Amino acid sequence: MMTAEALPARLIRGAVGGIASGMVFAGATMWFATTMPDGKAEMPLRMISTIVKGAQSMQEGTTSVPLGLVVHMILSVAFGVGFALLVPYLRTNGTVALAGTLYGAALYVVNFLVLAPVVFTVFQDANQPFELLAHIVFGTLLSFFFYGSGRRRDEGFVSISTETTAPAGMR
C-alpha cells in the first residue's frame, strides 16, 4: 500500500502539472487560432489579457500578449493546485484520469458558460467546441502528473512479467 503523498509535494506536482498542461493548452489554442480566417496565433493570449485589462482593451487595441501569457500560467498553476487537493480522494489511476477529464470539462463550464457571459464577455467569441476539447485535454494531461508507479492505495501492481500482486487487504 502506498503512503499518502505529503501536501506540499502534491501541491508542487499540481503546479508543475498545471504549467505543463497549460503550455500544451496554450500551444494548441494558438495553433487553432491560426486556422481561422484572419486568425493570429497571439489572439488567445490577447483575449486572456482582458481578464486583467478589461473587455474594452480588445476594442482599444491595448491587449497584451505577455500579460495574457502570465495570466494563463497563473490560472494553470491555480487549476493544477486545485486538482491536487482532490487527488487523495481518488482510489486508482483510472479514477484520477477520469476525474482529470471531468475537471477539465468543469473548468470549461465555469469559465465559458458561467463567467464569460457575465464577466469576461470577450470569451464568448471563442470557438466553444474547441474550447471544451482544449479544457478536457488540459484536465486529462494534468491527471497524468498524479500517476504514481502504476500503484495507488490498493490498486494491484503489474510487473514486467505480468504477475500481479494481491491488493493490500488480500495478502
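Buried residues account for 33% of the 171 residues in the chain. The model is a predicted one, and its secondary structure is easy to sum up: 6 helices and 0 strands, running α-α-α-α-α-α from the N terminus on. Of the contacts between residues at least 6 apart in sequence, 64% join residues at least 24 apart. The chain exposes about 9500 Å², and carbon and sulfur atoms supply 71% of that area.

Helix H1 is a good place to start. With 28 residues, H1 reaches 40 Å from its first C-alpha to its last, close to the 40 Å expected at 1.5 Å a residue. The buried residues of H1 are Arg10, Gly14, Ala15, Gly17, Gly18, Ser21, Gly22, Phe25, Ala26, Thr29, Phe32 and Ala33. These buried residues pack against H2, H4 and H6. Arg10, a member of helix H1, counts as buried because its relative accessible area is 10%, which falls under the 20% cut-off. Setting aside neighbours within four places in sequence, Arg10 touches Glu5, Ala84, Leu85, Val87, Pro88 and Phe146.

The loop that follows H1 has a backbone detail to check. Asp38 sits between H1 and helix H2 (43–53), and its phi is near 55°, a positive value in a residue other than glycine. Most residues other than glycine have a negative phi. Asp38 is also exposed, since its relative accessibility comes to 77%.

Next comes H2, where Pro44, Leu45, Met47, Ile48, Ser49 and Thr50 are buried. Their cover includes H1, helix H3 (56–60) and H4. Thr50, in helix H2, has a relative accessibility of 4% and therefore counts as buried. Beyond its neighbours within four places in sequence, Thr50 is in contact with Ala55, Ser57, Met58, Thr63, Val122 and Phe123. One of these partners, Thr63, is 13 residues from Thr50 along the chain, with 6.5 Å between the two C-alpha atoms. Just after H2, Gly54 takes a positive phi of about 95°.

Helix H4 (residues 65–86) is home to His72. This histidine counts as buried because its relative accessibility is 8%. Apart from neighbours within four places in sequence, His72 contacts Gly22, Phe25, Ala26 and Ile48. Gly22, Phe25 and Ala26 are among the buried residues of H1, while Ile48 is one of the buried residues of H2. The contacts of His72 thus fit the wider packing: H4 is one of the helices that the buried residues of H1 pack against, and H4 is also part of what covers the buried residues of H2.

On helix H5, attention turns to the surface. Val109, Val110, Leu113, Val114, Leu115, Val118 and Val119 make a nonpolar surface patch of about 580 Å². Leu115, which lies in helix H5, counts as partly exposed because its relative accessibility is 31%. Gly94 also has its place in helix H5, and with a relative accessible area of 46% this glycine is partly exposed too. Gly94 and Tyr147 are 53 residues apart in sequence, yet their C-alpha atoms are 9.2 Å apart in space.

That leaves H6 (residues 128–144), whose geometry checks out. Its 17 residues should span 24 Å at 1.5 Å a residue, and its end C-alpha atoms are 25 Å apart, so the two values agree. At the start of H6, a side-chain oxygen of Asn127 comes to within 2.9 Å of the backbone nitrogen of Phe130. Phe130 is itself buried, along with Glu131, Ala134, His135, Phe138, Gly139, Thr140, Leu142 and Ser143. The buried residues of H6 pack against helix H1 (7–34), H4 and helix H5 (93–118). Seen from the other side, H6 is among the helices that the buried residues of H1 pack against.

How values were computed. Residues numbered from 1 in each chain as written. Predicted model: local features only at pLDDT ≥ 70, side-chain atom pairs only at ≥ 80, totals over all residues. Heavy atoms only, no water. Helix = DSSP H or I, 4+ residues; strand = E, 2+ residues; numbered from the N terminus. Buried < 20%, exposed > 50% of the residue type's maximum accessible area, 1.4 Å probe, protein only. Contact = heavy atoms within 4.5 Å. Areas by Shrake-Rupley, 256 points an atom, 1.4 Å probe, with all protein chains shown as cover. Expected span 1.5 Å × (residues − 1). Polar contact = N/O pair within 3.5 Å; in protein donor to acceptor, adjacent residues only side chain to side chain. Patch = residues over 30% accessible without salt bridge, like charges linked within 9 Å, V, L, I, M, F, W, Y side chains within 5 Å. Salt bridge = Lys/Arg side-chain N within 4 Å of Asp/Glu carboxyl O.
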